[in-house]
Amino acid sequence: MLVILASIGILCLGYYKGIGTIDRFDPFLSYKVGYTKLPSEKGISPNNKATNGYWTAWFTDNTMGNEWTKLTLTTGLNPGVKDPYVMAYHKGSYVKVARIVPRTYINQTYVSNLAALDALLNHKGNTATNNHDLKKYKTQIHISDTVQQLVTE
């Protein structure tokens, strides 16, 4: 019983802390496809000695905009895709594969959700977003807020 409880505890800790190595083997998690806008080339460059090409961003995991995961991954530089987004196949914080895709490949609802999150995180005088606690977007790994509603309140 102690081994089973310790195993479940480790899996829960891995999910809560966003430890991809643990999430990879977690049988209670399923794979999802998440989307985000590709950051600037300076932030994702493999030549960046501080990050070795790894970058972190919020990915929207469903069209409703109420499942978000902060993922750390590497994609390499944009190979010339116009209006690039990143599609990541992930399980918790473990990213199995990521691909740079054009905006036209992505449902408009995902794009709208990402724009709403960007507006929320980079608010400039918007009273609807000033009242919202933005600290959790910096500290948490998984969010279940509907971002569209937070921005349009």
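The largest pocket in this predicted model has a volume of about 340 Å³. Of the 15 residues that line this pocket, T36, K37, L114, L117 and D118 come closest to its centre. If you trace the lining along the chain, you will find that strand 1 (32–37), strand 2 (54–60) and helix 4 (108–121) each supply at least two residues. Helix 4 gives the largest share, with six residues. By class, the lining of the largest pocket is made up of nine nonpolar, three polar and three charged residues.

Let us turn to the second largest pocket, which holds about 180 Å³ of space. Its lining counts 14 residues, and those closest to the centre are Y15, K32, E67, T69 and H142. Two elements, strand 3 (68–74) and strand 6 (142–143), give two or more residues each to this lining. Sorted by class, the lining of the second largest pocket has five nonpolar, six polar and three charged residues.

Two of the residues named for that second pocket deserve another look. K32 and E67, both among the residues closest to its centre, meet through their side chains in a salt bridge, with 2.6 Å from N to O. What does this pair tie together? K32 belongs to strand 1, while E67 sits in the loop between strand 2 and strand 3, so the salt bridge links parts that are 35 residues apart in sequence. The structure holds two salt bridges, and the K32–E67 pair is one of them.

Now follow the chain back to helix 1, which covers residues 2–17. How far apart should the ends of helix 1 be at 1.5 Å a residue? With 16 residues, helix 1 should span 22 Å, and its end C-alpha atoms are indeed 22 Å apart, so the expected span and the model agree. Just after helix 1 comes G18, where phi is positive, at about 75 degrees.

Helix 1 also leads us to the surface. I4, which has its place in this helix, joins M1, I8 and F28 in a nonpolar patch on the surface. Together, these four residues have about 510 Å² of accessible area.

As you rotate the model, a handy route is to begin at helix 4, the source of six lining residues of the largest pocket, then move to the salt bridge between E67 and K32, and finish at the surface patch that includes I4 and F28.

Conventions: Residues numbered from 1 in each chain as written. Predicted model: local features only at pLDDT ≥ 70, side-chain atom pairs only at ≥ 80, totals over all residues. Heavy atoms only, no water. 1 Å grid on protein atoms, 1.4 Å probe; cavity = no way out; pocket = protein on both sides within 12 Å on 5 of 7 lines; lining within 4 Å. Points joined across faces, edges and corners; volume = space filled by probe spheres on them. Helix = DSSP H or I, 4+ residues; strand = E, 2+ residues; numbered from the N terminus. Nonpolar A, V, L, I, M, F, W, Y, C, P; charged D, E, K, R; others polar. Patch = residues over 30% accessible without salt bridge, like charges linked within 9 Å, V, L, I, M, F, W, Y side chains within 5 Å. Areas by Shrake-Rupley, 256 points an atom, 1.4 Å probe, with all protein chains shown as cover. Expected span 1.5 Å × (residues − 1).
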